[in-house]
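Trainee: I'm new to this structure and would rather learn one part of it well than skim the whole thing. Please pick a single piece and walk me through its surroundings slowly.

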Amino acid sequence: MEQGKIILVTGGARSGKSTFAENLLKDKDDVLYIATSVVTDEEMQDRVAKHKERRNPKWDTLEGYKNLADKIQNFDNKYMLLDCVTVMTTNTLFDKEQGLLSIGLDNDFDFISMEDVDKITALLKEEFKRLIEKSRELNRTLVLVTNEVGWSLVPEYKLGRIFRDTAGFINQYIGSLSDEVYLICCGQPLKIK
């Protein structure tokens, strides 16, 4: 695999995205796995455990979803796998310092202004821009896993629509900055860029 590439892997829930992304790097020991999830319940704990079991035990792990461009400098791995963009988007949306909960809505998301949503989308774009630029500067290959959430019903609630739209905008943005993009369906990859 060529050094310094940015590769985006997308697809629906349980489509095989993470497995495909991990298999891109299966022969590499020099990988930094960037885990963006925050364990809040047993279901997420189970998902994290399954991901850990599946991946190469020689890989390093960085847990977090903020300031990643700064944090990856503390590692010298040639390859990085971020799983997942969508979870990172969710964590940022609900971040108490910079997300929707920082603007004093007290969980009443029907009153979110589009201006506030645009600010958070811009924050996420900047986070990914910095991460991708730093990856290129350090000549590291970065594989990003994300969910395609826009192929379903329009969510009934405003917060669901905000999440869907924000995730879609972020996927478009990362896709435009990526060297390769793969769509995974039924565990099968389709290279679309």
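Mentor: What follows is a close look at one helix, starting with the sheet it sits on.

First, some ground rules: this is a predicted model, so local features are described only where pLDDT is at least 70 and side-chain atom pairs only at pLDDT 80 or more, while totals for chains, interfaces and linings use all residues. Residues are numbered from 1 along each chain as its sequence is written, and side-chain values use heavy atoms, with hydrogens and water left out. Helices (H or I, at least four residues) and strands (E, at least two) are DSSP runs, numbered from the N terminus.

Our piece is helix 4, but let's get the sheet in view. It is an open sheet of 7 strands in the order 3-2-4-5-1-6-7, with mixed pairing; two strands count as paired if DSSP finds at least two bridges between them. At the edges are strand 3 (60-63) and strand 7 (188-191), each pairing on one side only. From one strand to the next, the twist averages 20°. Helix 4, residues 85-93, packs on this sheet and touches strand 4 (79-83) and strand 5 (141-147), its direction making about 70° with that of strand 5. Contact here means heavy atoms within 4.5 Å, and angles run from 0 to 180 degrees between N-to-C directions, with axes being lines fitted to C-alpha atoms (for helices, over the stretch in contact).

Now look at strand 4. On one side, strand 2 (residues 31-35) runs parallel to strand 4 and is joined to it by 5 bridges, with Ala35 standing opposite Asp83. Strand 4 also pairs with strand 5 in the parallel sense, again over 5 bridges, and there Tyr79 faces Thr141. As a general point, side chains in a regular strand alternate between the two faces of the sheet. You can see that here: Tyr79, Leu81 and Asp83 point one way, Met80 and Leu82 the other, and all are buried. Buried means under 20% relative accessible area, with exposed over 50% and partly exposed in between (1.4 Å probe, protein chains only). So strand 4 is mostly covered, with 5 of its 5 residues buried.

How many residues of helix 4 are buried? It's 7 of the 9, so helix 4 is largely enclosed by the rest of the structure. They are Val85, Thr86, Met88, Thr89, Asn91, Thr92 and Leu93. The cover over them includes helix 3 (68-71), strand 4, helix 5, strand 5 and helix 6.

Two of those helices deserve a visit. The axes of helix 4 and helix 5 (residues 114-137) come within 10 Å and cross at roughly 135°. That makes the pair oblique: under 35 degrees counts as roughly parallel, over 145 as roughly antiparallel, 65 to 115 as roughly perpendicular, and the rest as oblique. Helix 4 passes helix 5 in a right-handed crossing, meaning the near helix is turned clockwise from the far one by less than a right angle (anticlockwise would be left-handed). Helix 4 brings Val85, Met88, Thr89, Thr92 and Leu93 to this contact, and helix 5 brings Ile120, Leu123, Leu124, Glu127 and Phe128.

Next is helix 6 (residues 158-177), which packs against helix 4 at about 130° with the axes 10 Å apart. These two are oblique as well, and their crossing is right-handed. From helix 4, Val85, Thr86, Thr89, Thr90 and Leu93 meet a set in helix 6 that includes Ile162, Phe163, Thr166, Ile170 and Ile174.

Those two neighbours also touch each other. Helix 5 and helix 6 pack at an angle of about 25°, axes 10 Å apart, so they count as roughly parallel; this crossing is right-handed too. Among the helix 5 residues in that contact are Val117, Leu124 and Phe128, and among those of helix 6 are Ile162, Thr166 and Ile170. Helix 5 meets the sheet as well, lying across strand 1, strand 4 and strand 5 and running at about 155° to strand 5.

To picture it all, start from helix 4 on strand 4 and strand 5, then add helix 5 and helix 6.
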